[in-house]
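Reader: I am new to this structure. Please take me through the terms used for it, one at a time.

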Amino acid sequence: MSRRGIHDVAIVGAGMVGSALALALTKAGFDVALLESRPPAPWRAEDEVDLRVVALAASSIALFERLDAWKPIRTARACTYRHMQVWDALAPGELHFDAADEGAAALGYIVENRLIQHVLWRALQADAGIALHCPAKVAATEVDADRRTLALDDGSRIAARLIVAADGADSALRNLLGIATQDRDYAQRAIVAHVRTERGHVETAWQRFLPASTIAFLPLADGRGGAGRCSIVWSVPNAEAERLLALDDATFCNELGAAFDFRLGRITATTTRAAFPLRMKLAERYIAPRFALIGDAAHVVHPLAGQGVNLGLRDVDELCAALSEARDAKRDFAADFVLRRYERRRRSDNAIAAHSFDAIQRVFGSDALPLAALRGAGLRIVDRLAPLKQMFARRAAGQ
Ligand SMILES: Cc1cc2nc3c(=O)[nH]c(=O)nc-3n(C[C@H](O)[C@H](O)[C@H](O)COP(=O)(O)OP(=O)(O)OC[C@H]3O[C@@H](n4cnc5c(N)ncnc54)[C@H](O)[C@@H]3O)c2cc1C
């Protein structure tokens, strides 16, 4: 911290994105404070695999490698997926992705959110250079010429040359700054559970589109007998979610197996189920004087492509690069033109991704005949056109 008690950067929110940003900026030589309202739940190898998992793309793994966080995550519990298989209930088309076609060992990894947070949190605690404030809750913020100040609800104050809000989809800081969002409520919920299947998952991420829902089966490295279970994400209209959540396990497994076309045989067991409301939320601005939004605070996308945190971690790379470049050129790293560069680069990429997932959701969420005909034809054509397919594969891998 400077002699006047001002940090370079204060980050609010130590989710996967805020924690990664704190570590990346500290590694780049910035003096960082990180504020979090509650510590993350602990992760232990002997515990059941947590219900929340993410598909990490190559770009996210590269960032974690630079932060020395990938090895502990990979060795604790992560499942490679080398193939992706997408098909449709209403048409015969099918789409295959293979890591080998991309010249890569894997398309990505399935990892528990809690494990990622646990590894990042330990790294934050071990870094004496990071001022970690937890529990801490922001009540107000004000800006001066050379700093922005956060007033916490315990009466204390923290000042930094730049404040970054990484406080998630319902960002309190975004609201305090009066930044509007473009919202779409999908009136759907994603049901998640871990299930055991008759046949092994063969390191494949599977996705099936149905008339009004999508199902993803993601491979887990749980090692508890058999060939490994799958984490399922079943996105369905709200009323259908209520019905599926109320089913007994055996009936749920039967309905899930049928909806999944019995691709891995019968579903033989399930954990408890949880459900998450689905929405798109895009901030109209990412920046304000001495302020930037990042991660879900800036953009929430439909999870059908498994890209939310991958986009947030790309924000981390871009913001860190913009700030470092300005600082190295002896400029004010929190000046408007620096933040605008970050906003320009990330807002369009995130908006394109969000609207692409939204369009896929609309086309595949429809059983109106012309759209239904397009669906199967689209998948067949894409599978045959190698360059187009590579573009899809790169987007799926978060590159
Ligand atoms: C069903 C489902 C499946 C998904 N699957 C994938 C996937 O496969 N791949 C993928 O990339 N993404 C996926 N996502 C999206 C991904 O989970 C999110 O994009 C990601 O968790 C966002 O991380 P974040 O750090 O930006 O925000 P969050 O995880 O929301 O973290 C925000 C942090 O800020 C803290 N906080 C909040 N308010 C305050 C405050 N006022 N003061 C201090 N701290 C505060 C919170 O406690 C929290 O720790 C999925 C989402 C869903 C719903």
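Author: Start with the shell around the ligand in this predicted model. By class, the shell has 13 nonpolar, nine polar and five charged residues.

Reader: What makes a residue such as Glu36 or Ala55 part of that shell?

Author: A residue counts if one of its heavy atoms lies within 4 Å of the ligand. The shell holds 27 residues, and Glu36, Ala55, Asp296, Gly306 and Val309 are the closest. At least two shell residues come from each of α1 (16-27), β3 and α8.

Reader: Why is the link between Glu36 and the ligand called a polar contact?

Author: The cut-off for two N or O atoms is 3.5 Å. A side-chain N or O atom of Glu36 is 2.5 Å from an oxygen atom of the ligand. That is within the cut-off, so the name applies.

Reader: Which backbone atoms lie by a nitrogen atom of the ligand?

Author: Ser37 has a backbone N or O atom 3.2 Å from a ligand nitrogen. For Gly306 the distance is 2.9 Å, again from a backbone N or O atom to a ligand nitrogen. The protein buries 84% of the 1,000 Å² that the ligand exposes when taken alone.

Reader: Why is the pair Arg114 and Asp50 called a salt bridge?

Author: The rule asks for a side-chain nitrogen of Lys or Arg within 4 Å of a carboxyl oxygen of Asp or Glu. Arg114 and Asp50 meet at 3.5 Å, N to O, so they qualify. Arg114 is in helix α4 (residues 113-126), while Asp50 is in the loop between β2 (32-35) and β3 (53-56), so the pair ties together parts 64 residues apart in sequence. By this rule the count is 29 salt bridges.

Reader: What makes Arg114 partly exposed?

Author: Partly exposed runs between under 20% for buried and over 50% for exposed. Arg114 has 29% relative accessibility, so partly exposed is the right class.

Reader: How do you know that Asp328 is exposed and Arg327 is partly exposed?

Author: Exposed means over 50%. Asp328 has a relative accessible area of 53%, so it is exposed. Arg327 stands at 26%, so it falls in the class between. Asp328 and Arg327 form a salt bridge, with their closest N and O atoms 3.0 Å apart.

Reader: Which helices does the salt bridge between Glu318 and Arg341 tie together?

Author: The side chains of Glu318 and Arg341 meet at 3.5 Å, N to O. Glu318 lies in helix α8 (residues 308-328) and Arg341 in helix α9 (residues 336-364), so the pair ties together parts 23 residues apart in sequence. Both Glu318 and Arg341 are buried.

Note on methods
Residues are numbered from 1 along each chain as its sequence is written. This is a predicted model: local features need pLDDT of at least 70, side-chain atom pairs count only at pLDDT 80 or more; totals for chains, interfaces and linings use all residues. Side-chain values use heavy atoms; hydrogens and water are left out. Helices (H or I, at least four residues) and strands (E, at least two) are DSSP runs, numbered from the N terminus. Buried means under 20% relative accessible area, exposed over 50%, partly exposed in between (1.4 Å probe, protein chains only). A polar contact is a pair of N or O atoms within 3.5 Å; within protein, one must be able to donate a hydrogen and the other to accept it, and residues adjacent in sequence count only if both atoms are side-chain atoms. Accessible areas come from the Shrake-Rupley method with a 1.4 Å probe; for residues, only the protein chains shown count as cover. Ala, Val, Leu, Ile, Met, Phe, Trp, Tyr, Cys and Pro count as nonpolar, Asp, Glu, Lys and Arg as charged, and the others, Gly among them, as polar.
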